[in-house]
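Q: I'd like a close look at one part of this model, please: the pocket and the residues around it. Take it slowly, and tell me what each term means as you go.

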Amino acid sequence: MKLGTPGLTENQASIEQSSYDFIVKNSNLFPSTDRSKVIGLVDKSITTKHLNKNLSLYLNKFVQIRGDIIDIEDDNTAAGTMAVVYI
């Protein structure tokens, strides 16, 4: 992401402190090779309704989104392929 972020954000990237702290606390999961460790941290009580209402409450959690894929867009960037999935 170091390579792609400047191109995607015009050098204005930022991250909320709670998200940063979560990533630092769980740095062994980025990237993760053990799916079971990540699955164990997923808060299954959070739904898209929660995220749409107030995303900032969930910036320090893993969530699982389920649904039908409506569309996928991808683009080649300096960092590799960037994909946006509409669910």
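A: Let's begin with how the elements are named: helices (H or I, at least four residues) and strands (E, at least two) are DSSP runs, numbered from the N terminus. The model is predicted, so local features need pLDDT of at least 70 and side-chain atom pairs count only at pLDDT 80 or more, while totals for chains, interfaces and linings use all residues. Residues are numbered from 1 along each chain as its sequence is written, and side-chain values use heavy atoms, with hydrogens and water left out.

With that settled, the protein has 4 helices and 2 strands, arranged along the sequence as α-α-α-α-β-β.

Now to the pocket itself. The largest pocket holds about 220 Å³ of space. A pocket here is an open set of points on a 1 Å grid over the protein atoms alone, where a 1.4 Å probe fits, with protein on both sides within 12 Å along at least five of seven lines. Its volume is the space filled by probe spheres set on the points, which are joined across faces, edges and corners.

Which residues line the largest pocket? The lining is made up of Ser19, Phe22, Ile23, Phe30, Leu51, Leu55, Tyr58, Leu59, Asn60, Lys61, Phe62 and Val63; a lining residue has an atom within 4 Å of a point. Helix α2 (residues 17-25) gives the most to this lining, with 3 residues. By class, 9 of the lining residues are nonpolar, 2 are polar and 1 is charged. Ala, Val, Leu, Ile, Met, Phe, Trp, Tyr, Cys and Pro count as nonpolar, Asp, Glu, Lys and Arg as charged, and the others, Gly among them, as polar.

Let's start the tour of the lining at Ser19, which lies in helix α2. Ser19 counts as buried because its relative accessibility is 12%; buried means under 20% relative accessible area, exposed over 50%, and partly exposed in between (1.4 Å probe, protein chains only). A polar atom of the Ser19 side chain lies 2.7 Å from the backbone oxygen of Leu59.

That brings us to Leu59, found in the loop between α4 (48-53) and β1 (71-77). Leu59 counts as partly exposed because its relative accessibility is 25%. Leaving aside neighbours within four places in sequence, Leu59 is in contact (heavy atoms within 4.5 Å) with Glu16, Ser18 and Ser19. Leu59 also sits 8.4 Å from Phe22, C-alpha to C-alpha, although they are 37 residues apart along the chain.

Phe62 is in the loop between α4 and β1 too. Phe62 is buried because its relative accessible area is 18%. Not counting residues up to four places away in sequence, Phe62 touches Phe22, Leu29, Phe30, Val38, Leu41, Val42 and Asp43. Two of those partners, Phe22 and Phe30, are also in the pocket lining. The C-alpha atoms of Phe62 and Ile46, which are 16 residues apart in sequence, lie 9.2 Å from each other.

Phe30 is worth one more look: the peptide bond from Phe30 to Pro31 is cis, with omega near -5°. Pro31 itself lies in the loop between α2 and α3 (35-39).

For the wider setting, 11% of the protein's 87 residues count as buried. Of its contacts with a separation of 6 or more, 24% are between residues 24 or more positions apart.

Technical notes
Polar contact = N/O pair within 3.5 Å; in protein donor to acceptor, adjacent residues only side chain to side chain.
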